[in-house]
Amino acid sequence: MLAHGSRRDGCWPDKSVRMIPVFIINLERSRDRWAAISASGEGLDLRRVEAVDGHRVPAAEWQDFDPALARRANGRTLGPGEYGCYRSHLRALSRVVEEGLDLAIIAEDDILLNPELPERARAIVEAAPHAGVVKLVNHRTTGFRRSGVSARGDVFGRCLHGPQASAACYLVTRDGATRLLQTLSTMWLPWDVALERGWATGVPTYTTEKGLVEFGPYRPATTIDARYAETKPLPWRRIGALVFRTGDLLRRVAYALEASH
């Protein structure tokens, strides 16, 4: 018997089995956000993930966090909102693995969903069956290099420049989720930066050229609230971050070129 969402010989049985669950990361206090995203995703298989409120966790109690490496790589400290975001995405990935899902979409609660999202996401995976993560929305796709196009016309690939910013909505396979949980268990980068580093995680990672979803009205009032300027050290102490970012840029370029055509 086939598990929910599984296939045989590349054929998906019917539309009900093809529906991809959408895990929505949402804070308990953000019920207005849950109401808004639920309305935009009416008819989809929405599954709420209780977000971790980093502002309620003292820094001394942060789990699996490397502050020295974080400061060296980022040139600043990471904030409680970033910690909560990171742990929340790991929680969502754990749900994908625990529920034995072949595919799932993970989204933050400041986007707007649409009825076509699961089928368009499915078509991308069918065009790139080796993919482990596909980012479905970004703030920027500078230096985009095309890898392929789905049957629904969505172009996907990788970018020469980054970070692209935002992990607001992405598709992940069970193998991809498992690997991310292993390689990203210790936090030292913001989640959106860590997620797209496929060259480091070993998870084949792509992005769509154009977003499959839109950012909603709550985007300007993000609950992460990272005050970068206030957390940066003196310029001479940011040399480590410059070295890290230069090396990462070179790896990003090589990663993008290897999958482009």
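This report describes the fold statistics, one helix, one cavity and some backbone details of a predicted model.

**Overall figures**

The chain has 261 residues, and 50% of them count as buried. Its secondary structure comes to ten helices and ten strands. Among contacts between residues at least 6 apart in sequence, 79% join residues at least 24 apart. The exposed area of the chain is about 12500 Å², of which carbon and sulfur atoms supply 53%.

**Helix α6**

Helix α6 spans residues 174–183, and its buried residues are G176, A177 and L180. These cover an arc of only 100° around the axis, which puts them on the same side of α6. The face turned away from that buried side carries the exposed residues D175 and Q182. Which elements cover the buried residues of α6? The cover includes two strands, β5 (133–135) and β8 (169–173), together with the helices α4 (80–98), α7 (191–195) and α8 (198–201).

**The second largest cavity**

A search of the whole structure finds three cavities of 30 Å³ or more. The second largest cavity holds about 100 Å³ of space. Its lining consists of 13 residues, and those nearest the centre are R158, C159, Q164, E196 and T205. Three elements give two or more residues to this lining: β7 (155–159), β9 (205–208) and α10 (239–258). By residue class, the lining of the second largest cavity divides into five nonpolar, four polar and four charged residues.

**Strand β7 and the loop after it**

Strand β7, one of the elements that line the second largest cavity, also contains F156. F156 has a relative accessibility of 4% and therefore counts as buried. In sequence F156 and S260 are 104 residues apart, while their C-alpha atoms lie 9.7 Å apart in space.

The loop between β7 and β8 holds P163. The peptide bond from G162 to P163 is cis, with omega near 0°. A165 is found in the loop between β7 and β8 as well, and its phi is positive, near 70°, in a residue other than glycine. Most residues other than glycine have a negative phi, and most peptide bonds are trans.

**Positive phi at two residues**

D64 is the other residue described here with a positive phi, about 50°, although it is not a glycine. D64 is found in the loop between β2 (46–50) and α3 (67–74). Are A165 and D64 buried or exposed, or partly exposed? A165 has a relative accessibility of 14%, so it counts as buried. D64, with a relative accessible area of 44%, is partly exposed. The table places these two residues beside F156.

| Residue | Location | Relative accessible area | Class |
|---|---|---|---|
| D64 | loop between β2 and α3 | 44% | partly exposed |
| A165 | loop between β7 and β8 | 14% | buried |
| F156 | strand β7 | 4% | buried |

The cut-off for burial is under 20% relative accessible area, and exposed means over 50%. A165 at 14% and F156 at 4% therefore count as buried, whereas D64 at 44% counts as partly exposed.

Key
Residues numbered from 1 in each chain as written. Predicted model: local features only at pLDDT ≥ 70, side-chain atom pairs only at ≥ 80, totals over all residues. Heavy atoms only, no water. Buried < 20%, exposed > 50% of the residue type's maximum accessible area, 1.4 Å probe, protein only. Arc of directions from axis to C-beta. Contact = heavy atoms within 4.5 Å. 1 Å grid on protein atoms, 1.4 Å probe; cavity = no way out; pocket = protein on both sides within 12 Å on 5 of 7 lines; lining within 4 Å. Points joined across faces, edges and corners; volume = space filled by probe spheres on them. Nonpolar A, V, L, I, M, F, W, Y, C, P; charged D, E, K, R; others polar. Areas by Shrake-Rupley, 256 points an atom, 1.4 Å probe, with all protein chains shown as cover.
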